[in-house]
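Dear colleague,

I am handing over the structure we spoke about, and below it you will find an account of what came out of a first look. Please read the text with the model open beside it.

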Amino acid sequence: MTDRYGNRPHEVREFFGARAAHWDAKFPDDGPAYAAGVAALGLRQGERVLDAGCGTGRALPALREAVGPRGTVLGADLTPEMLRAAVRAGRDALGTLLLADVTRLPLPGAALDTVFAAGLLSHLPDPAGGMAELARVVRPGGRLALFHPIGRAALAARKGHPLTPDDLRAEPQLRPLLAGSGWELIRYEDRDSRYLALAVRRG
C-alpha cells in the first residue's frame, strides 16, 4: 500500500520537511493521546526505548518519564527539519536524536527493550523489511507499539480517503506482516480515539 505522501524516503522528507515548523501547532491536543499510547507499553525504569520516526519528538516526554533518568531514550527520523523542530521544542533534552532511516538503524542487534512508532508503517518503502529491522534491534521478548492518536477510519476521513481492504494497518494484514518480520501481535485497537498495535519480539 502506498499512501498519498509516497513511500520513497525523499518523498517523505519533502512532505514532512515542508511542514515541520508548524507540525506541533497543527496537532496541539495530541499530547495526552501520546502519553496514553506510551503507557500501554508498560515500560519500566532503566529500559532502552526508541521512538522510530520520531518527528518533532511528541512521544519523548512520556518515554523519558516512563524509563526514568537511568533509561535510554532515542528518537530517530530521516527528516532534518523535524529533528530541528524537536530541538526548538527542547525535546533533545529528553533523549538522543538520530538523523537516521529506521529501515537501516545505526544500532547493534538486540540493543533495545522497546520501539514506539507513531504513524510509521504507511511511510515505509518495504514495510516487512522495516518491521524486520526494528525486530533486529530489539531483544527477544521486547516490545513494539505501532500507534496513531486517532484510528484508521478517523484518519481516512481527515484525509478525505476511503478505507481500503489492502490497508496494512488493518489487523488481517498486520498480523501476518508482523509474524513474518519477527513479531507476535498481542493487542490490537482501532477506534476513533486511538490506533494501537502491540507486538512482542519472538526468539
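**Helix H3 and its two sides**

On helix H3, the face that is turned away from the buried side carries Pro-32 and Ala-39, both of them exposed. Please keep in mind throughout that this is a predicted model. The buried residues of H3, which spans residues 31-39, are Ala-33, Tyr-34, Gly-37 and Val-38. Looking down the axis of H3, one finds these buried residues within an arc of 135°, and they therefore line one face of the helix. This spacing has a general background, because an α-helix has 3.6 residues a turn and residues three or four places apart consequently point the same way. As for what lies over the buried residues of H3, the cover includes H4, S4, S5 and S7.

**Helix H7**

A similar reading can be made for helix H7, residues 152-159, in which Arg-152, Leu-155 and Ala-156 are buried. These residues cover an arc of only 100° around the axis, which means that they sit on the same side of H7. Against what do the buried residues of H7 pack? Their partners are strand S5 (138-148), strand S6 (183-191) and strand S7 (194-201). After H7 comes Gly-160, a residue whose phi is positive, near 75°.

**Strand S2 and its neighbours**

Strand S2, residues 72-77, has five buried residues out of six, so it is largely enclosed by the rest of the structure. On one hand, S2 pairs in the parallel sense with strand S1 (residues 48-52) over five bridges, and in this pairing Val-49 stands opposite Val-73 in S2. On the other hand, S2 also pairs in the parallel sense with strand S3 (residues 96-99), here over four bridges, with Gly-75 standing opposite Leu-97 in S3.

Helices link these strands in the following way. S1, helix H4 (residues 60-67) and S2 make a right-handed β-α-β unit, and a right-handed β-α-β unit is likewise made by S2, helix H5 (residues 80-88) and S3.

**A loop residue, Asp-126**

You may also wish to look at Asp-126, which is found in the loop between strand S4 (112-118) and helix H6 (127-136). Is Asp-126 buried or exposed? With a relative accessibility of 44%, Asp-126 counts as partly exposed, because that class lies between the limit for buried, under 20%, and the limit for exposed, over 50%. Although Asp-126 and Thr-103 are 23 residues apart along the chain, their C-alpha atoms are separated by 8.4 Å.

**The chain as a whole**

Taken together, the secondary structure of the protein chain comes to eight helices and seven strands. The radius of gyration is 15 Å, close to the 17 Å that the globule rule gives for 203 residues, so the chain is as compact as a globular protein of that length. Along the principal axes, the C-alpha atoms fill a box of roughly 45 × 40 × 30 Å.

Of the 203 residues in the protein chain, 53% are buried. Among the contacts with a separation of 6 or more, 67% are between residues 24 or more positions apart. The accessible surface of the protein chain, finally, comes to about 9,000 Å², and 54% of this belongs to carbon and sulfur atoms.

With kind regards

Definitions and conventions
Residues are numbered from 1 along each chain as its sequence is written. This is a predicted model: local features need pLDDT of at least 70, side-chain atom pairs count only at pLDDT 80 or more; totals for chains, interfaces and linings use all residues. Side-chain values use heavy atoms; hydrogens and water are left out. Buried means under 20% relative accessible area, exposed over 50%, partly exposed in between (1.4 Å probe, protein chains only). Two strands pair if DSSP finds at least two bridges between them. A crossover is right-handed if, with the strands pointing away from the viewer, the path from the first strand over the helix to the second runs clockwise. The arc is that of the directions from the helix axis to the C-beta atoms. Contact means heavy atoms within 4.5 Å. The radius of gyration is taken over C-alpha atoms; the globule rule is 2.2 Å times the number of residues to the power 0.38. Accessible areas come from the Shrake-Rupley method with a 1.4 Å probe; for residues, only the protein chains shown count as cover.
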